[in-house]
Amino acid sequence: MLEGSALPKLIGATIPSVVGFSWDGSAWHQIPVQVDERDMVSPGQIENLPAVNWPKVNGVTYKVLSYTTPSAPAAGYTSWPTFTGTDSNPLFDANDQASFLANDSGKQAAAATAAPPNTIARIREEVKVVDPG
């Protein structure tokens, strides 16, 4: 899983245009990528409580996913058919997340390798996958 902030060249892209490819040493292969829209979401909103009943700190309503006093606001997942509604920014932004399976990753492509067909080379983001084990 990658935070949108780790993919700065993709910030502002439409969600369907965020795609992934792996390199096998001679050709690109498209891989599945999931984008999760996130926004500042109150636990009260998630539980469909009236806004007046949302958690407060020093009288100020806050939007985090915890019922403890927040040290900083945190993003939560949004979905149009839920009580959280849609992301306030429908484009890929810094608090969204993109994920793919590590097994779908490939070899590192040389810098001179042409971008995959029908993609925009200048917004290509290379992702390094490391096995922590």
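**Entry 1: the largest pocket**

I began with the largest pocket, which has 39 residues in its lining. Val19, Gly20, Phe21, Glu125 and Glu126 are the ones nearest its centre. I note at once that this is a predicted model. The space in the largest pocket comes to about 940 Å³.

I then sorted the lining by class. I found 22 nonpolar residues, 10 polar ones and seven charged ones.

Which strands supply at least two residues of the lining? I got strand E2 (20-23), strand E3 (28-31) and strand E9 (97-99). E2 gives the largest share, with four residues.

**Entry 2: overall layout**

I stepped back to the whole chain. I counted one helix and nine strands. Along the sequence the pattern reads β-β-β-β-β-α-β-β-β-β.

The chain has 133 residues, and 27% of them count as buried. I also looked at contacts with a separation of 6 or more. Of these, 62% join residues 24 or more positions apart.

**Entry 3: the E2-E3 hairpin**

I went back to E2 and E3, since both strands had turned up in the pocket lining. E2 and E3 run antiparallel, joined by four bridges. I checked one facing pair: serine 22 is opposite histidine 29 in E3.

The two strands form a hairpin, with four residues between them. In the turn I found glycine 25, whose phi is positive at about 105°.

I followed glycine 25 across to a distant part of the sequence. Its C-alpha atom is 9.1 Å from that of alanine 110, although 85 residues separate the two along the chain. Alanine 110 belongs to the segment after E9. I read its relative accessibility as 48%, so alanine 110 is partly exposed, below the 50% limit for exposed.

**Entry 4: the aromatic pair**

I searched the whole structure for aromatic pairs and got one. The rings belong to tryptophan 23 and tryptophan 28, with centres 5.0 Å apart. Stacked, tilted or edge-to-face: how does this pair count? The planes stand at 55°, so the pair is tilted. Edge-to-face would need over 60 degrees, and stacked under 30.

I also looked up the burial of tryptophan 23. Its relative accessibility is 14%, so tryptophan 23 counts as buried; the cut-off is 20%.

**Entry 5: glutamine 30**

My next residue was glutamine 30, in strand E3. Is glutamine 30 buried or exposed? Its relative accessible area is 55%, so I logged glutamine 30 as exposed.

I listed its contacts, leaving aside neighbours within four places in sequence. Glutamine 30 touches Val19, Gly20 and Phe21. I recognised these three names from the residues nearest the centre of the largest pocket.

I also took one distance over a long stretch of chain. Glutamine 30 and serine 105 are 75 residues apart in sequence, and their C-alpha atoms are separated by 10.0 Å.

**Entry 6: the three-stranded sheet**

I closed with E9, again a strand from the pocket lining. E9 sits in an open sheet of three strands, ordered E1-E9-E4, with antiparallel pairing. Strand E1 (2-3) and strand E4 (34-36) are the edges. Why is one side of each left without a neighbour in the sheet? Each has a single partner strand, so the other side stays unpaired there.

I looked at the E1-E9 pairing in detail. These strands pair in the antiparallel sense over two bridges. Here leucine 2 faces alanine 98 in E9.

Methods. Residues are numbered from 1 along each chain as its sequence is written. This is a predicted model: local features need pLDDT of at least 70, side-chain atom pairs count only at pLDDT 80 or more; totals for chains, interfaces and linings use all residues. Side-chain values use heavy atoms; hydrogens and water are left out. Rings of Phe, Tyr and Trp (its six-membered ring) pair if their centres lie within 6.5 Å; planes under 30 degrees apart count as stacked, over 60 as edge-to-face and the rest as tilted. Buried means under 20% relative accessible area, exposed over 50%, partly exposed in between (1.4 Å probe, protein chains only). On a 1 Å grid over the protein atoms alone, a cavity is a set of points where a 1.4 Å probe fits but cannot get out, and a pocket is an open set with protein on both sides within 12 Å along at least five of seven lines; lining residues have an atom within 4 Å of a point. Grid points are joined across faces, edges and corners, and a volume is the space filled by probe spheres set on the points. Ala, Val, Leu, Ile, Met, Phe, Trp, Tyr, Cys and Pro count as nonpolar, Asp, Glu, Lys and Arg as charged, and the others, Gly among them, as polar. Two strands pair if DSSP finds at least two bridges between them. Contact means heavy atoms within 4.5 Å.
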